[in-house]
Amino acid sequence: MISQCKQLLNKISRIAYEEVRVELSGGEIVVQCLKDEGVEFIFGYPGGAVLHLYDAIFHQDDVKHILVRHEQAATHAADAYARATGKPGVVLVTSGPGATNAVTGIATAYLDSIPMVVISGQVPTAVIGSDAFQEVDMVGITRPCVKHNFLVKDVKDIAETMKKAFYVATTGRPGPVVVDIPKDITDPYIKIPYSYPDAVVMRSYEPNPQADPKSIQQAVDVLLAAKRPVIYSGGGVVLGNASQELRKFTQLLGFPITQTLMGLGAYPATDKQSIGMLGMHGTYESNLAMHESDVIIAIGVRFDDRVTGKLSEFCPNATIIHIDIDPASISKTVKVDIAIVGDVQPVLTDMIALIKAHKQKNSAADLKSWWVRIEQWRSVNCLEFDRTSPEIKPQAVVEEVYRVTKGDAYITSDVGQHQMYAAQFYPFDKPRRWINSGGLGTMGFGLPAAIGVKLAHPDAEVACITGEASIQMCIQELATAAQYNTPIKIINLNNRYMGMVRQWQEFNYESRYSQSYMDTLPDFVKLAEAYGHVGIRVERPEDVKPALEKAFAMKDRTVFLDIMTDRTENVYPMIETGKGHQEMTLRVAPGTPIDRELA
Amino acid sequence: MRHIISILMENEAGALSRVAGLFSARGYNIESLTVAPTEDSSLSRMTIVTRGNEDVIEQITKQLNKLLDVVKLIDLADLPHVERELMLVKIRTNSTTREEIKRLSDIFRGKIIDVTNNSYVIEMTGASDKLDAFIDALDTHSIIETVRSGPTSMSRGANGLHL
């Protein structure tokens, strides 16, 4: 009898639970929204204004919170998680300093169009504007570096605002979205019925422009009549998941392809049609091919100044076709002849079909002589460096990392010479493997980014190629790596200089090395050990390979490799600021004769 | 070249600062900006007068369109349009100048909306150059203050900027 009563009571309570919509507090709603979005990780740091939210996080296990040691790192880790997976990164920070610390990472994501949702706490609505403790106008501060931002003023608006935030961050040209939530909005005692909207409509937001079929046809006509074509592809292909289409398109046409720093991996770098990166530290063959081309098809790129060099000399004889999802990218710096505004994946699919069906084909003789020309430039071997040096060459280290990881690792980097060496000497064959701050150029990105990537892909090799200056900007994250057991390999190319600053000072300031020298470096081996990791110092070229093999063999440990590299090595080739693609500075190295007549 | 960009935008807090911030961040110039809610209280209509070559104006309109608060916009310089600006001018008067200023104001279709023993406030609407002409016709020393709304504008004919 008693058990029957109990059963009945259970039944009744279950029915009641199902029929009455669940009532949740604002803090619980935020967490429930994240669950309903399928968010796996939230990177954050608690503080006064988000305590209600953190209490809601405490009561569940579905969304895993990753506690960083500085809010900047939370944004970089979430950003890299997004770059490596294509899913939005999620960040939670408190008001005031928590929010401002996150700004560098938000701007980093903005410049590289990375989908990210940043939830920041705010002081209670009643005191907004009164210079309250830890108050800062987050919506105002982030306005120029977000795709959009929201201030939530009513608990009833949370669910819809969160849906909008994810929708805006992940559609169209992606980008970071900030949701600023005052503390009283997450009050645990104010509960309302919760439901998460399936979709939101915003009358002012049309993220998927349909490309004009006429311009696609026109572009195909121009491409198939080209004599000296170049495919110039970028980060948009990675973001738009159009790597497969890009491969088909490129192989169908047989054209040379050059990729931007942000686009590396979208087309396999080891394929013969790949002529390497272009721009300031791009290859000789890429830049000269661009300069001499008659048709350029720019795919998911934004004609960044580091790519174009001097604008008035950019591709002087080329008809330029540009595919981009963002109309504002078209003709922003370089006037284009044929603009295709649309999502790169369907556009390339349409183009492939049209090319296959087209009667005209490129002249095989023209393409052949174009390739002969390119092979001449390629034979200059512009990236070659001194392999007989008694010093450790940073390029040789990156080559060895490539060999040891069989070219299949996720590589994050910081900013400077090491970033360029990584881009030049680790040929990426898959998209989303190369994780770096290309647009904003944020030192400190690499280590938290590696943690974010490792959380996303726990079984993959993840290495952070960095320098002794950059790594110190977020070095505290070694603690986060220990806490969450994210075994990553840190390849510190230690040249005791801010290498890229020093290089520019050598070239442009008669070697006056103003403040680019670091004379009190920590003992990185001991530092790594202090955080509970393995530290290895490498001082001789012959020790590089065994040290890397040893490090990558330790599958369950984070290893910090402090590699003492040649202090005076420079990144070549280089287009100096204000010069055109045809004016590359090449390394004049002993034993590598360079036929300058080719230029 | 001078362009009048007319914008329908969400009538929400922060929308104005997004537009103004865009202009300052990207180095575009704003000659004037005027904004108020429309008959649909969810929308505001903004009129911006700016200058730039075709490339700059193209970028301005594209960047404005990217803002999530901007619902629709139109560059009125491309179309036949009417343009009006409101100006209030406070002028120092005395018994000898009163008649002359009133006559001048009448010529420009101005209205005297405030009178004291030593001042007038004149209300005047028109295209911006007409208002400039009125100011030029006045004795500069007699002007106490002026305030202008900046131009507002709409296209001629039955078509218009609406949802």
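## A parallel sheet in chain A

In this predicted model, strand β10 (residues 257-259) of chain A and β11(A) pair in the parallel sense over two bridges. Within that pairing, the residue in β11(A) that serves as bridge partner of A:Q259 is A:M277. Both strands belong to an open sheet of six strands in chain A, whose order is β11-β10-β9-β12-β13-β14 and whose pairing is parallel. At its edges stand β11 (274-277) and β14 (338-341) of chain A, each of which pairs on one side only. When direction is ignored, neighbouring strands of this sheet are turned by 15° against each other on average. In general terms, the strands of a sheet pair through backbone hydrogen bonds, either parallel or antiparallel.

A helix accompanies part of this sheet: α8 (residues 213-224) of chain A lies across β9 (229-233), β12, β13 (319-324) and β14 of chain A. With respect to β14(A), helix α8(A) runs at about 135°.

## Loops beside the sheet strands

Two loops that adjoin strands of this sheet hold residues that can be described one by one. In the loop between β12 (295-299) and α12 (305-308) of chain A lies A:F303, a residue other than glycine whose phi is nevertheless positive, near 50°. A:F303 counts as buried because it has 24 C-beta neighbours inside 10 Å, where 20 or more are required.

The loop between β13 and β14 of chain A is the place of A:S329, which has 23 C-beta neighbours inside 10 Å and therefore also counts as buried. Once its neighbours within four places in sequence are left aside, A:S329 is in contact with A:R302 and A:D324. By contrast, A:S329 and A:S511, which are 182 residues apart in sequence, are 38 Å apart in space, taken from C-alpha to C-alpha.

## Helix α21 and its surroundings

Which residues of helix α21 (residues 541-553) of chain A are buried? They are A:V544, A:A547, A:L548 and A:A551. Seen down the axis of α21(A), these buried residues fall within an arc of 100°, and so they line one face of the helix. The face turned away from that buried side carries the exposed residues A:E542, A:P546, A:E549 and A:A553. Among the elements that cover the buried residues of α21(A) are α15 (394-404), β18 (489-494), β19 (534-538) and β20 (559-564) of chain A.

Two of these covering elements are followed by residues with notable backbone geometry. In the loop between α15 and β15 (410-413) of chain A is A:K406, which has a positive phi of about 55° although it is not a glycine. A:K406 is exposed, because 9 other C-beta atoms lie within 10 Å, and the limit for an exposed residue is 12 or fewer. In the segment after β20 of chain A is A:P573, and the peptide bond that leads from A:Y572 to A:P573 is cis, with omega near -10°.

## Nonpolar cores

The largest nonpolar core has 205 residues, of which A:V30, A:A77, A:V91 and A:I296 touch the most other members. For A:V91, leaving aside its neighbours within four places in sequence, the residues in contact are A:F43, A:G44, A:A74, A:T75, A:A78, A:A102, A:M116, A:V118 and A:I119. Apart from this core lies another, of nine residues, among them B:V89, B:I91, B:Y120 and B:I122.

## Chain B and its contact with chain A

Chain B has four helices and nine strands, and from the N terminus on its elements run β-α-β-β-α-β-β-α-β-β-α-β-β. Its C-alpha trace spans about 55 × 35 × 30 Å along its principal axes. Of the 163 residues of chain B, 26% count as buried. Among the contacts in chain B with a separation of 6 or more, residues 24 or more positions apart account for 73%.

How many residues does each chain bring to the contact between chain B and chain A? The contact takes 15 residues from chain B and 13 residues from chain A. On the side of chain B that touches chain A, the elements that give two or more residues are α1 (15-25), α2 (54-66) and β4 (70-75) of chain B. Of these, α2(B) gives the most, with five residues. Sorted by class, this side of chain B has four nonpolar, five polar and six charged residues.

Conventions. Residues are numbered from 1 along each chain as its sequence is written. Chains are lettered from A and ligands numbered from 1 in the order in which they are written. This is a predicted model: local features need pLDDT of at least 70, side-chain atom pairs count only at pLDDT 80 or more; totals for chains, interfaces and linings use all residues. A nonpolar core is a set of buried Ala, Val, Leu, Ile, Met, Phe, Trp, Tyr and Cys residues joined through C-beta atoms within 7 Å. Two residues are in contact if their C-beta atoms, placed from the backbone, lie within 7 Å. The arc is that of the directions from the helix axis to the C-beta atoms. Ala, Val, Leu, Ile, Met, Phe, Trp, Tyr, Cys and Pro count as nonpolar, Asp, Glu, Lys and Arg as charged, and the others, Gly among them, as polar. Two strands pair if DSSP finds at least two bridges between them. Axes are lines fitted to C-alpha atoms, for helices over the stretch in contact, and angles run from 0 to 180 degrees between N-to-C directions.
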